[in-house]
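This report looks at how the strands of a sheet are arranged, what lies across them, and where empty space is left inside. Please keep the sequence and the model in view while reading.

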Amino acid sequence: MNTIKILSSEDIKNLVSMKEAINTIATAFCDLSAKNVNMPLRTITDFGENELTLFYKPSLMPSLHSVGIKLLSQYKTGGKNGHPTIQGIVVLIDPENNTTQAILDGTYLTALRTGAASGVATRALSREDSETFVLFGAGAQGYTQFEAICCARNIKKAYIFDINKEAIDRFIRHYQNLGQVSLYPGEDLSVLPEADIISTVTNSKQPLFPLELLKKGVHINAIGSYNPSMHELPTNIFTSASLFVDHKDSCFSESGDIIIPLSEGLLPPEHYKGEIGEVLLSRIPGRTSPEEITVFKSVGIAIQDLAAANYAYRQACQQGRGTNIQL
């Protein structure tokens, strides 16, 4: 009889620190760019223009001896009836024995690995002296973005933007007594020229800010745009910035942040640098000057979920956490 470990979001929070998540996702990006994974493009099913979207994301990482399947649902218009915008599960399978090892809550895991991916890129691409952070999106994904950026760099000041002012207030209350970062509500874009690092985690279909407000040397983690109609970045940004991605095939086929400027001739080929894993493997350079604007575009890929889930599962086995069931 097969024993399956069930891990809740609370289990995962106790099992995986942000630093551990960043290191785990960095290894996964290296495996990806070294072509040591099997990761089909995800399958996305939309149920209505403003309604539910379903994601199916399988992957295999031989280095982990593990297969992962992520099933995710997301409301385009935000959470309903007090439930999170994004919900899902991750199933881990032992490929040698064809047995299910674990089922993990995918809601917090998604936020954790997404934040960790930005942490990886920020550590690799931003200026080491970065101190000011601007966050667009104060939902669940925003919390782990903030934690990851603070883990990667010595952030002293942060501005939080969101169309929901109550979400900004909750965010600032949550963190105001937990560290050395001074947090301020993002009231207008006049603060943007201060930003050393920006993360965007919204569902916007219109650019969130103009290129002209960015200072030289800023690093941007563009996370929210996961389909061709979503568009957080200014269309002309890649005429001035260097582009790095989590996975080229996924980003160039799925994200409006890339598809739109590419279709308008506003993404010069020389401004696309490569995958973040290639930077980590020293196959391509990352930042080449203090004045360079760098953009990390991520749509979120299956190996991130698999790597984070596998790490949490291994930790749970060692620490005796989680709930074991038999089917």
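## The sheet and its edges

In this predicted model, seven strands form an open sheet with mixed pairing, and their order across the sheet is β2-β3-β4-β5-β6-β1-β15. The edges are taken by β2, residues 43-47, and β15, residues 323-326, and because each of these has a single partner strand, one side of each is left without a neighbour in the sheet. From one strand to the next, the twist averages 20°.

At one of these edges, β15 is joined by four bridges to β1, which covers residues 3-7, and the two strands run antiparallel. Within this pair, the residue that stands opposite Ile6 is Thr323 in β15.

## A helix across the strands

Helix α3, made of residues 106-125, lies across four strands, namely β3 (52-61), β4 (66-75), β5 (86-94) and β6 (99-105), and the helix runs at about 90° to β5.

## An enclosed space

Rolling a probe the size of a water molecule over the atoms shows where empty space is left. Counting cavities of 30 Å³ or more gives one in this model, and the largest cavity holds about 50 Å³ of space.

Which residues line the largest cavity? Its lining is made up of Met39, Pro40, Leu41 and Arg42, together with Lys57, Ser250, Val299, Gly300, Ile301 and Ala302. Sorted by class, this lining of the largest cavity has six nonpolar residues, alongside two polar and two charged ones.

Notes
Residues are numbered from 1 along each chain as its sequence is written. This is a predicted model: local features need pLDDT of at least 70, side-chain atom pairs count only at pLDDT 80 or more; totals for chains, interfaces and linings use all residues. Side-chain values use heavy atoms; hydrogens and water are left out. Two strands pair if DSSP finds at least two bridges between them. Axes are lines fitted to C-alpha atoms, for helices over the stretch in contact, and angles run from 0 to 180 degrees between N-to-C directions. Contact means heavy atoms within 4.5 Å. On a 1 Å grid over the protein atoms alone, a cavity is a set of points where a 1.4 Å probe fits but cannot get out, and a pocket is an open set with protein on both sides within 12 Å along at least five of seven lines; lining residues have an atom within 4 Å of a point. Grid points are joined across faces, edges and corners, and a volume is the space filled by probe spheres set on the points. Ala, Val, Leu, Ile, Met, Phe, Trp, Tyr, Cys and Pro count as nonpolar, Asp, Glu, Lys and Arg as charged, and the others, Gly among them, as polar.
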